[in-house]
Structure formats: structure tokens, C-alpha cells
Amino acid sequence: MLGEALELWRGPAFAGFADSDLVRPVAESLEEQRLTALEERAAARLELGEHAPLTAELTGLVARHPLRERLRALQLTALYRAGRQSEALTAYGEIRARLAGELGVDPGPELTAVYQAILRQEPWRPPGEATRHDGSASRPDDRATASLTPTRPPGPRPRTNLPTPLTALLGRQDAVHRIGALLADTRLVTLTGPGGVGKTRLALETAGRLADSFPDGVWLVELAALSRPDDPARGAGSTCTAAEVAEAVLAVLGIREGASTGPVAERLVGAVRGKRLLLVLDNCEHLVDAVAEVTAQLLGAAPDLRALVTSRESLGLTGETLWPVPPLERAGAVELFTARASAADPGFVLDADATAAVTEICRRLDGIPLALELAATRVRALGVRELSARLDDRFRLVASGRRGVPPRQQTLRAMIDWSWELLPAAERAVLRRLAVHADGCTLEAAETVCAGDGVHRDEVLDLLARLVDRSLVAVARTPYGPRYRLLETVAAYCLERLREAGELTAVRQSHHRHYTELAERAAPLLYGPDQRAWLERLDQETASLRDALDGSVREGAADRALRLVNALAWYWFLRGRLAEAGRSLTAALSAYGARPETATEAGDPAAEGRRLRAAAWQVGMASLAGDDADPVERATAVLRQYGTHGDPAGRAWAQWFLGFAQVGLGDPAVAGERVAHSLAAFRSLGDRWGIAAALSSRAQGTGGGDLRSRLRDAEESAALFGELGDRWGQLQAADVLGALAEITGDYERAAGLHRDGLRIAEELGLWIQVSYKLSGLGRIALLTGDLPAARDFHERGRRLAAEQSHLRGEMFAECGLALGARREGRLDDAEAHLLPWLKWCLGRDGDPGTAFVLGELGFLAELRGDAETARRHHLDAFAAARATTDPRAVAQALEGLAGAAALTGRCTVAARLLGCAAAARATAGAPRPAAERGDVARSAATARRSLGAAAFEAAYASGAGVTPEVLVKEATEDAGENGREPAKPAE
């Protein structure tokens with residue numbers, strides 16, 4: 001009937017004449033009848049269960065008649081029954097504010113009653129809605145008889161209003177148990193954390209599991225709709241009062257107005273006194289003071305009452321226990337995302353191909369459950385790979401709203417808007433400026449970068465503390481003080497706000513200047529007792545330092561870029577980040593070369609000095625990484641420029657560093673000369689660190705020298721580095737001392753030095769040095785006969801060097817694996833370890849590894865009985881050894897040729913070669929220890945059996961008086977080269 005009646009309505013009554021004093025009352029009466037009919041029909045449709053379509057229809061009607069309370073009550077009921085409880089509460093907040101602002105009145109009984117029913121999660125029938133016994137909707141004229149119909153007495157009131165969860169809680173089971181345990185021991189627990197982290201869901205799950213422990217109920221009080229930060233009905237200085245919070249709690253507990261008299265706080269205290277119940281006070285961050293006041297009164301009046309609070313900041317009450325809700329760990333985040341993605345797209349499967357993309361999505365979204373759930377809805381349209389690739393534009397990507405949740409949870413942006421709107425201007429300024437820091441910052445960095453334009457430096461600490469309290473900034477404790485960090489999503493939001501404020505360029509430049517100055521302050525401290533601390537501090541700032549460099553290059557601040565790379569180069573070297581060093585130095589030098597040179601810069605020797613130093617770093621890093629096509633020539637060019645620059649300290653450093661980086665490259669005499677010049681210059685300058693470094697390089701064999709002089713240099717270097725407190729330097733000196741102990745057969749001391757060095761390298765995080773130490777211990781295990789341990793040490797060293805992209809360290813370890821495989825008789829495995837490195841060594845002029853690899857390949861050929869291949873490899877090894885001027889390498893090549901000669905029956909030649917090799921080792925002060933005499937013993941035994949003891953000894957002695965070159969020529973003479981020859985008399 002109502003529908004038919006309304007269809008007869010043809011528009012406004014008396015259209016065109018309604019302004020007449022005679023017509024107006026009649027028109028208004030007819031309009032009121034029409035609105036009443038619309039309300040009656042809405043009530044009937046509610047009874048028929050048409051909640052969802054009715055919500056849409058009522059929206060426009062409410063907008064045209066915003067102060068009509070019954071219409072609003074019907075709208076709230078429709079939203080509530082459609083499962084949109086949060087929207088219903090928001091709508092109530094709007095009508096209440098509008099009534100107060102425009103009419104100065106509170107909501108009437110009907111609106112208040114539906115609001116309380118929603119809070120208590122109770123069934124609700126608006127006036128005018130009744131039900132016949134046959135289930136059909138009543139007509140309006142049935143109300144009188146309906147009121148006389150006997151009804152069943154109401155059942156017991158439920159002990160909770162907690163909503164039934166629609167999905168399982170994932171990744172939080174341990175947290176539920178721990179929060180439950182806290183509530184057993186303390187009366188007030190506050191769950192804090194950033195928006196979307198899942199505080200409400202965790203609180204509801206915990207409270208639901210504790211329902212049996214509270215005979216007077218577990219009650220949820222939703223406070224999000226009270227005095228929202230964007231509520232236009234409240235003045236700028238207006239805040240929600242404690243009385244309003246108390247009223248919300250009373251409504252949930254079912255204490256209606258009129259049930260008792262007195263102020264609302266007294267009525268609430270009276271209602272809870274003597275009861276054992278749990279209150280869940282949800283979303284309190286926008287009315288912390290009011291909630292704190294009410295909570296304190298409740299806890300003071302009811303000893304058995306417990307309160308579980310969710311808020312982005314604490315209440316600050318005595319006895320409050322905070323539980324910061326963290327983002328989900330990786331496994332929990334992947335589980336949640338997968339579950340929600342599968343629900344959105346039944347065809348989605350987390351297979352091996354999808355796992356990497358899902359893991360990246362979870363990392364980029366910081367493990368925030370709300371963000372993950374919003375992103376999961378996009379899987380059906382995009383797939384996980386495309387979703388992951390588009391996360392740089394996350395706010396547009398995850399912009400579709402979810403139904404049935406509060407507006408602040410419908411989009412990723414709304415989630416952060418809610419918190420942003422609560423902040424005063426100074427806190428917003430600090431928060432948005434923090435976003436330029438990559439991966440967090442120290443207090444000093446925050447004070448430097450975030451100050452300015454209305455924020456004084458000495459105010460930043462307090463403002464930062466407030467942002468931490470509000471869960472917008474995370475703080476981590478480190479040995480060097482607190483670090484402050486934004487979640488990636490919050491940082492992306494704040495960068496947008498920074499751009500909107502017009503501050504992005506200025507704040508970024510401040511950030512770049514600060515980190516350049518930090519690097520320059522750190523640089524000299526990397527050479528002394530604070531080395532470890534500053535390595536770790538720079539580790540923490542890696543991302544921001546990279547940003548500072550990239551920004552300086554991008555902005556054309558070339559001189560600042562050079563300052564930064566020069567300050568960081570030694571740090572990169574110590575950390576083994578040679579590729580990063582090379583890229584960074586190249587970028588800075590390119591920017592410097594491309595800049596428009598000013599007259600001031602053209603005559604600035606300091607600027608040219610920075611360029612030269614960066615060029616020397618660049619060449620040295622490329623040499624160390626093994627990826628420079630012509631390192632020796634480039635080093636010579638840099639040193640030539642230093643010669644005309646007039647900077648003796650800079651030139652001494654460049655000579656040392658380039659010599660250190662190019663060990664085994666080019667002419668050994670030139671390398672030795674550079675080390676000698678640098679050592680002399682360092683002594684004249686009084687540079688103790690430079691003296692120690694140059695002595696260490698000379699002790700390693702750069703420039704020749706016998707073992708005794710090398711030992712003296714190493715010991716002096718170790719003493720100087722010890723006095724300076726430079727542990728890297730001590731490690732370098734210990735390397736030489738360990739190698740010398742190994743050469744002389746003192747394996748126990750060598751092992752001890754390697755173990756000490758390993759400990760130092762691990763403490764400092766010097767992973768390239770760790771790799772060398774592991775391989776050094778592998779060598780000692782090999783020489784002492786522990787082949788399994790040797791294999792393990794060398795394999796660990798190889799893996800670590802490969803992880804650091806350090807080819808020389810990888811080669812050193814793999815050569816050790818080849819030595820072990822040969823001793824175990826696995827000749828093919830040994831060859832497989834060696835062959836890949838032969839080409840690499842041959843491509844590096846003068847590399848000492850060439851002679852070693854060729855020699856090992858020659859010994860493998862000898863063991864296989866291939867004398868010709870063995871001879872060829874050892875002849876090549878001899879040529880490579882002569883280029884290094886290392887007498888031990890020359891001696892090994894002679895010993896290899898002796899084995900090849902013995903294999904073909906040329907035993908006199910073999911004996912003479914062995915004698916010459918032994919003499920060369922004796923001259924160098926490095927005779928072969930017993931553990932390393934296997935190859936020599938094998939060829940000597942063959943020659944002795946063939947020649948007899950006397951002839952062998954004579955030939956052996958004769959070789960000691962002949963130069964290696966003469967004997968090698970003798971070994972390669974065609975006469976009898978491929979056949980056996982009779983023994984020759986001793987010369």
C-alpha cells in the first residue's frame with residue numbers, strides 16, 4: 001500500500017505556488033506526510049530483510065533531510081544489519097555533531113537507543129517495525145494490537161558484544177598467548193603500533209579467548225567515531241571529553257540514562273564496582289587524555305576489572321603495560337598475503353615462481369596486515385609479479401576501498417591520513433623531513449636535517465619522542481645510540497607531503513651535506529683504535545650515504561661528490577665492496593669532469609688534489625677487483641700527475657696504495673721502487689701509519705728482499721700498527737708473519753697467527769680477510785696431513801671470497817682445493833680447480849699466481865705419466881717465475897722440470913735441476929720443509945735408482961753451481977730429449 005501511495009506522488013505539492021502564505025502550510029503538511037510514508041516503507045523493508053539495497057536508497061534521502069532523526073535511525077539500522085557497523089557509528093557521530101552545532105540539542109531517544117544497540121551488538125527493532133506471527137511485515141495500523149500481543153520474556157543478556165571474526169587470525173598466535181598472560185598479571189595493557197598493524201584484531205582475538213575468565217563479560221567499546229580528527233562539527237580547539245567516553249562505555253554495558261542519577265562518571269563507576277569484567281577500549285589515539293581519565297577511574301573503583309586498550313600511543317597511566325604490536329615476520333606476512341590472495345583469486349597458488357614476488361611484496365609493505373590485505377585484492381587483476389613491480393606507486397595501486405570497514409581502513413592512504421591529521425604542525429614537519437633518510441637515522445642526523453622553517457634544532461628531540469609515542473616512528477637501540485626509522489609505506493606518504501610542502505629539494509640537500517660531513521669525520525678514524533666502531537656506524541648509514549652520493553651527482557655538486565667518495569673509499573676497501581667503490585668513484589669523477597669549471601676552481605689546488613686522490617682510488621680498486629684492462633699504465637699516469645701537483649703526502653700515499661693494490665702486476669722492480677719511495681716519504685713526513693703500511697707491503701715481497709729482511713719489516717710494521725690501534729694493519733702484518741712461518745715449516749706458529757687473524761677479521765667484519773685466513777688454515781691443515789679439515793677450510797674460504805666478488809681470494813682458496821685433491825689422488829678434480837684460473841692469471845701481467853698454477857698443472861701431468869705436457873707447463877712456469885723475481889717460484893719450476901726429466905729417464909739432468917733448486921731456496925733462506933718435499937722426493941728417488949747414489953749426489957752437487965737459465969736450456973736441448981740417456985759424470 002505504501003509503495004502504491006508513494007507512486008501517486010508527482011513531485012512537490014503546489015509547485016510554483018508554495019511561496020504563498022495560504023498554500024505554504026498545506027504544501028508542508030503534504031511533504032511531511034510523504035516523508036512519513038517513506039519512513040514507514042523503509043521500516044517495513046527492514047523487516048523484510050532488504051538491508052543492503054535500503055542503505056543506498058536512504059543515503060540520498062538523508063542528505064536532503066540531514067536533521068530528520070527517525071530517518072537517521074532507519075539508516076543506522078540498515079547499515080548495522082548489513083554488517084556495516086563502523087559506518088553506522090560514523091553516521092551517528094555525524095548526526096550528533098550536526099544536532100549540537102545547528103540546534104544545540106542531543107540526539108533523541110530513538111537515535112540513542114539504536115546507537116547503544118550497535119555498541120552492545122544487540123538485536124534492534126526501530127519503532128514502527130513489528131512482526132506478525134506468520135512472519136510477514138505488519139501494517140502501520142497493526143501497532144496498537146501488536147502492543148497487546150503477549151511476548152516471551154527476554155533471555156539472559158549475552159556476556160559479550162565482541163563481533164564474530166570473519167577470518168582466522170594469522171601469524172599472531174604467540175602474541176595472543178603473551179598478551180593473555182599479561183592481562184593475568186596486570187590490569188591495564190595497551191597495544192600500540194602504527195596504523196594497520198592489527199592492534200584491534202589482536203585485541204579482539206585475545207579478549208575472545210578470555211571470555212570464560214570474566215563472569216561479568218568481555219565488552220568492546222569502539223571509540224573511533226568519537227571526535228574524529230576530520231570532524232567538521234568540532235572547533236579547532238575542541239576535543240572529546242571524558243564524559244563522552246564514559247557515556248560510550250555506559251552504553252556498551254547497557255546502563256541507560258535514567259537507570260541512576262548523578263554525573264556520568266559516578267554512574268559508570270557504580271556500574272562496574274564489584275564486577276569482574278574485561279573492557280576492550282579500541283582506537284583511543286585521538287582521545288588519549290579522555291580515555292586515560294576514564295580508565296584511571298574505572299581501575300580505581302573496580303579491583304577485578306581489566307582494560308585492554310588499542311592506541312597508536314600509550315595512555316601514560318601508572319601501572320600501564322605496553323605491548324608494541326610489531327609488523328608480521330616474513331613467514332606470517334607471506335601466510336596472510338597468500339590466504340587473502342587465494343580468497344580474492346581462487347586460482348592463485350604460492351608456487352616456487354610466485355614465492356619471490358610475494359616475499360618482496362611483504363617486505364615492501366613492511367609486513368603491515370592491513371596493507372597486505374589491501375594489496376592481496378589486486379592479485380586477481382595484476383598477478384603477484386606485476387603487483388610487486390608497481391609498488392613504487394603504492395597509494396594509487398592500493399586505492400580501492402573495502403566495504404564493511406571504517407573509512408580509515410579502506411585504503412592505504414586513509415590508514416596514514418588518520419594519524420597525520422592528529423599531528424600538530426611541528427610534528428608533521430619533522431615526520432615528513434625524516435622521510436629523506438634511507439633505512440633510518442641517528443638523533444644527530446634528525447636534528448640536523450629536520451630543523452629549520454619553524455622547528456629549532458633543540459626542539460627536534462622532543463618532537464621525535466612524540467612521534468615515537470604515536471607509533472609513527474620506530475626506534476631501535478644500537479651500541480651507538482638510538483636509530484629512528486619510518487616504515488617504507490609511511491616514508492612514501494611523507495615524501496609526498498614533503499613535496500606538497502615545497503621542501504623536498506632543500507631537505508634533500510641538507511641530508512646530502514650532513515652525510516658528506518659524517519663520512520669526512522669518519523675517514524681518519526678508520527685508521528686507528530676506533531676502526532671497528534666507525535665501520536659499524538658507516539654500515540648503518542650505507543643507504544643514506546648512497547643517497548647522498550647519488551643526489552650530489554644528480555644535482556651537479558661534483559666537488560661534494562668527490563669529497564664523499566674519497567672519505568668512503570677506505571671504508572669500501574675494508575668492507576670488500578670493491579665493485580661499489582669502482583662505480584661510485586667513476587660516477588663522482590665523471591660528474592667532476594662534466595661540470596662547468598669556474599675560474600675559482602681552475603686555480604684551486606685542493607680541488608685538483610681531491611680529483612687525483614679519487615683517480616688513484618679508482619685505479620687501485622679496479623686492480624684489486626681484477627677487472628682493469630690496463631691497470632699498470634693507468635697507475636703510472638696518475639702518479640705522473642701527482643709528480644707535478646706538489647703534494648708530497650698525497651703522492652706518497654698514492655705510491656703505497658697503488659703498489660699495494662697491484663702486487664704481482666707489472667715490473668717487480670718498479671713496484672719495489674714505488675714502495676721504497678713511499679716509505680722514505682712517510683718517514684720524512686712522520687706519518688707512522690704510512691710507515692707501517694709501506695713496511696708491510698715490503699714484507700710481503702714487493703721489491704724483493706730475503707726472508708730475514710722481510711721478517712724484520714713485518715715485525716716493525718706489526719709493532720707500529722699495534723701502537724696505532726689499527727687492527728686491519730695488525731692483520732696485514734700477521735699475514736706476512738704467518739706466511740713466513742709456513743715457509744720455514746713452523747706450522748704451529750703459522751696456525752696460531754692465522755687463528756688470531758681470523759678472529760680479528762671476523763670481529764671487524766673484514767670478510768675478504770676472513771676468506772684468506774680460512775684458506776691459510778686450510779694450507780696448514782694440508783701440510784700437517786689433515787686433508788678433510790683442509791678441504792673444509794678451503795671451501796669456506798672460496799665461498800666467502802665468491803660472495804665478496806674477490807677473485808684473487810677465490811683463486812687462492814681454489815688452488816688450495818687443487819692441492820688437496822692432488823694429495824688424495826683426485827687428479828681430474830685438481831685440474832678442474834686450476835684450469836679456470838690459468839687464463840685469469842695469464843691476463844694479469846706479472847701475476848705471481850701464474851707460475852704456481854702452471855707448476856701444479858705440470859705436476860698433475862707428471863703423475864699421469866705425460867712427460868711432454870709436464871715439461872711444457874714447467875717451462876712456462878719458469879718464465880713466469882723469473883718475471884716475479886721470487887726465488888722460491890723459480891726453485892719450484894726447476895723442481896717440476898726435474899720430475900719431467902726423471903720421468904723420461906734423463907736422470908742426470910733431473911739431479912742437476914734439483915741441486916740448483918735447493919741452492920736457490922737456501923740462498924733465499926727458505927729450504928723446503930719436510931711436509932712439502934713430496935714432489936722433490938719422488939723425482940729424486942727415481943733419479944737415485946737410475947744413477948746410483950754416488951752419481952746422483954755428484955750430479956746434484958754440480959747443479960748447485962750452475963745458474964737456473966743454463967740448466968733449463970740443458971733440459972730443453974733436443975739431444976736425447978725424448979729418449980733415455982746414459983748417466984753423465986759429475987761436472
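**Exercise 1. Strand pairing**

Task: In this predicted model, find how strand 7 (residues 474-478) and strand 8 pair, and over how many bridges.

Solution.
- Step 1. Take strand 7 against strand 8: the two pair in the antiparallel sense, over five bridges.
- Step 2. Check the connection. A hairpin through two residues joins strand 7 to strand 8.
- Step 3. Look for another partner of strand 8 (residues 481-485). Strand 6 (residues 441-442) runs antiparallel to strand 8 and is joined to it by two bridges. Two bridges are enough, because strands count as paired from at least two bridges.
- Step 4. Locate Tyr 484 in strand 8. Val 475 stands opposite Tyr 484. Cys 441 also stands opposite Tyr 484.

**Exercise 2. Helix 13**

Task: Compare the span of helix 13 with its expected value, then list its buried residues and name helices that cover them.

Solution.
- Step 1. Count the residues. Helix 13 (residues 330-344) has 15.
- Step 2. Compare the spans. The distance from the first C-alpha to the last is 21 Å, close to the 21 Å expected at 1.5 Å a residue.
- Step 3. Apply the cut-off: buried means under 20% relative accessible area. In helix 13 this gives Gly 332, Ala 333, Val 334, Leu 336, Phe 337, Thr 338, Arg 340 and Ala 341.
- Step 4. Recall the helical repeat. An α-helix has 3.6 residues a turn, so residues three or four places apart point the same way.
- Step 5. Find the cover. The buried residues of helix 13 are covered by elements including helix 14 (352-364), helix 15 (369-376) and helix 16 (379-389).

**Exercise 3. The largest cavity**

Task: Describe the largest cavity by its volume, its lining and the character of the lining residues.

Solution.
- Step 1. Search the whole structure. Six cavities of 30 Å³ or more turn up.
- Step 2. Take the largest cavity. Its volume is about 90 Å³.
- Step 3. List the lining. There are 13 residues; Pro 194, Gly 195, Met 415, Ile 416 and Val 490 lie nearest the centre.
- Step 4. Assign the helices. Helix 18 (412-420) and helix 22 (488-500) each supply at least two lining residues. Helix 18 gives the largest share, three residues.
- Step 5. Sort by character. Eight lining residues are nonpolar, three polar and two charged.

**Exercise 4. Two positive phi angles**

Task: Place Asn 283 and Asp 366 in the chain, and decide whether each is buried or exposed.

Solution.
- Step 1. Start from the norm. Most residues other than glycine have a negative phi.
- Step 2. Read the angles. Asn 283 has a positive phi of about 65° and is not a glycine. Asp 366, not a glycine either, has a positive phi of about 65°.
- Step 3. Place them. Asn 283 sits in the loop between strand 3 (278-282) and helix 12 (288-301). Asp 366 sits in the loop between helix 14 and helix 15.
- Step 4. Check accessibility. Asn 283 has a relative accessible area of 9%, so it is buried. Asp 366 is buried too, at 11%.

**Exercise 5. Ala 581**

Task: Identify the surroundings of Ala 581 beyond its neighbours within four places in sequence.

Solution.
- Step 1. Place the residue. Ala 581 belongs to helix 27 (residues 578-594).
- Step 2. Check burial. Ala 581 counts as buried because its relative accessibility is 0%.
- Step 3. List the contacts. With neighbours within four places left aside, Ala 581 is in contact with Trp 572 and Met 621.
- Step 4. Add a C-alpha distance. Gln 618 lies 37 residues from Ala 581 along the chain, and their C-alpha atoms are separated by 7.6 Å.

Terms used: Residues numbered from 1 in each chain as written. Predicted model: local features only at pLDDT ≥ 70, side-chain atom pairs only at ≥ 80, totals over all residues. Heavy atoms only, no water. Helix = DSSP H or I, 4+ residues; strand = E, 2+ residues; numbered from the N terminus. Expected span 1.5 Å × (residues − 1). Buried < 20%, exposed > 50% of the residue type's maximum accessible area, 1.4 Å probe, protein only. Contact = heavy atoms within 4.5 Å. 1 Å grid on protein atoms, 1.4 Å probe; cavity = no way out; pocket = protein on both sides within 12 Å on 5 of 7 lines; lining within 4 Å. Points joined across faces, edges and corners; volume = space filled by probe spheres on them. Nonpolar A, V, L, I, M, F, W, Y, C, P; charged D, E, K, R; others polar.
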